[in-house]
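Subject: Structure handover

Hi,

Here is the structure I promised to pass on. Please open it next to this email. My notes follow below it.

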Amino acid sequence: MNKDQIRKLDDQAIQQFDTEYVDDFRWKIIQGKIDKTFTQQNFSFLDIGGGNGRFTDRILQAYPQSTGTLLDNAESILSLNKIDRRKRLILGSVEDLTNIFGSSKFDLIFFNWTIHHFVQGSYAETRKTQLEVIINATNLLSSIGYISVFENMYDGIFFKSLPSYLIFYLTSSKTLAPLMKKMGANTAGCGVCFLSKKQWDQTFEKASLIVSEYTDFEKWGGITIMRKLFLHLGPIRHGHFWLRQNL
């Protein structure tokens, strides 16, 4: 992993992310894939960046034979977790996945809108870190393991990856932080690195993962023409990747 540390959101920004984005509709998609893949239902899972633990708790409740581990780097939000004998809480960073878990293996690893927060000082280092984290997570999978990823797709109008770079540059700049906050960027001054659908596919391929199933969600509305042109924004939506190792 790179020697620079992944940037951490401040406490005020962290509180804005104290919510659960996997609603009932998205949950049914996850549950269907789990039921089809793990017939014994005594699987182990790792929730990376699981925050308040609501998603982890939902898995544990739905699958009483499962055991879960939740990793998050923010003590303030980790402290909101409910205690469960089948749930292990770890305060730590994704940069240290290998050191934290060593030879441990998980049947299922979740990234629920977390990879775009793995930001470093430059766009190139950020993209490298995102890939390295996914590779390290893949190395923690059991022989029957899968990785579940919910992420946002920011496709450009003509150049598919251009919005990814522009948004990273604008949100990661300390100088532009006051302006970006006024424009509604809750990661201003820290940064965020969304990717296009093509970039996500390429990243997973480099990590020796195969997209077993992909679910595309509705395109987002409510974005002004000026903002679309300024950021070179084409279709924007979120999607779900169900990934297995390319053995």
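The notes below go through the sheet, its central strands, a helix pair and a few single residues.

This is a predicted model. Please read every value below as computed from that model.

The sheet

Start with the sheet. It is open and has seven strands, in the order S3-S2-S1-S4-S5-S7-S6. The pairing is mixed. S3 (87-91) and S6 are the edge strands, and each of them pairs on one side only. From one strand to the next, the twist averages 20 degrees.

Three of the pairings are worth a look. S1 (residues 44-48) runs parallel to S4, with four bridges between them. S1 also pairs in the parallel sense with S2 (residues 67-72), over five bridges. In that pairing, Asp-47 stands opposite Leu-70 of S2. Helix H6 (residues 123-138) packs on the sheet. H6 touches S4, S5, S6 and S7, and its direction makes about 160 degrees with that of S5.

The third pairing joins S4 to S5 (residues 141-156). It is parallel too, over six bridges.

Strand S4

How many residues of S4 are buried? Seven of the seven, across residues 106-112. S4 is therefore largely enclosed by the rest of the structure.

Ile-109 is a handy marker in S4. Its bridge partner Leu-46 pairs with it from one neighbouring strand. Ile-109 also stands opposite Ile-147 in S5.

Helices H2 and H3

Next, a helix pair. Two packed helices are described by the angle between their axes and the distance between the axes. For H2 (residues 24-37) and H3 (residues 54-62), the axes come within 12 Å and cross at roughly 50 degrees. That angle makes H2 oblique to H3. The crossing is right-handed.

Which residues of H2 and H3 make the contact? H2 supplies Asp-24, Trp-27, Ile-30, Gln-31 and Ile-34. H3 supplies Phe-55, Arg-58, Ile-59 and Ala-62. By class, six of these residues are nonpolar, one is polar and two are charged.

Two residues with positive phi

Now the backbone. Most residues other than glycine have a negative phi, and most peptide bonds are trans. Two residues here are worth checking on that score.

Ser-208 is not a glycine, yet its phi is positive, at about 60 degrees. Ser-208 sits in the loop between helix H9 (197-206) and strand S6 (209-216). Is Ser-208 buried or partly exposed? Its relative accessible area is 39%, so Ser-208 is partly exposed.

His-232 is not a glycine either, and has a positive phi of about 60 degrees. The loop that holds His-232 runs between helix H10 (225-230) and strand S7 (233-245). His-232 has a relative accessibility of 12%, so it counts as buried. The cut-off for buried is under 20%.

Ile-77

One last residue. Ile-77 lies in helix H4 (residues 75-78). Ile-77 is buried, because its relative accessible area is 6%. How far apart are Ile-77 and Gly-50 in sequence and in space? They are 27 residues apart in sequence. In space they are 9.2 Å apart, C-alpha to C-alpha.

Where to look

If time is short, begin with S4, where seven of seven residues are buried. Then turn to the oblique pair H2 and H3. Finish with the loops that hold Ser-208 and His-232.

Best wishes

Note on methods. Residues are numbered from 1 along each chain as its sequence is written. This is a predicted model: local features need pLDDT of at least 70, side-chain atom pairs count only at pLDDT 80 or more; totals for chains, interfaces and linings use all residues. Side-chain values use heavy atoms; hydrogens and water are left out. Axes are lines fitted to C-alpha atoms, for helices over the stretch in contact, and angles run from 0 to 180 degrees between N-to-C directions. Helices (H or I, at least four residues) and strands (E, at least two) are DSSP runs, numbered from the N terminus. Angles under 35 degrees count as roughly parallel, over 145 as roughly antiparallel, 65 to 115 as roughly perpendicular and the rest as oblique. A crossing is left-handed if the near helix is turned anticlockwise from the far one by less than a right angle, and right-handed if clockwise. Contact means heavy atoms within 4.5 Å. Ala, Val, Leu, Ile, Met, Phe, Trp, Tyr, Cys and Pro count as nonpolar, Asp, Glu, Lys and Arg as charged, and the others, Gly among them, as polar. Buried means under 20% relative accessible area, exposed over 50%, partly exposed in between (1.4 Å probe, protein chains only). Two strands pair if DSSP finds at least two bridges between them.
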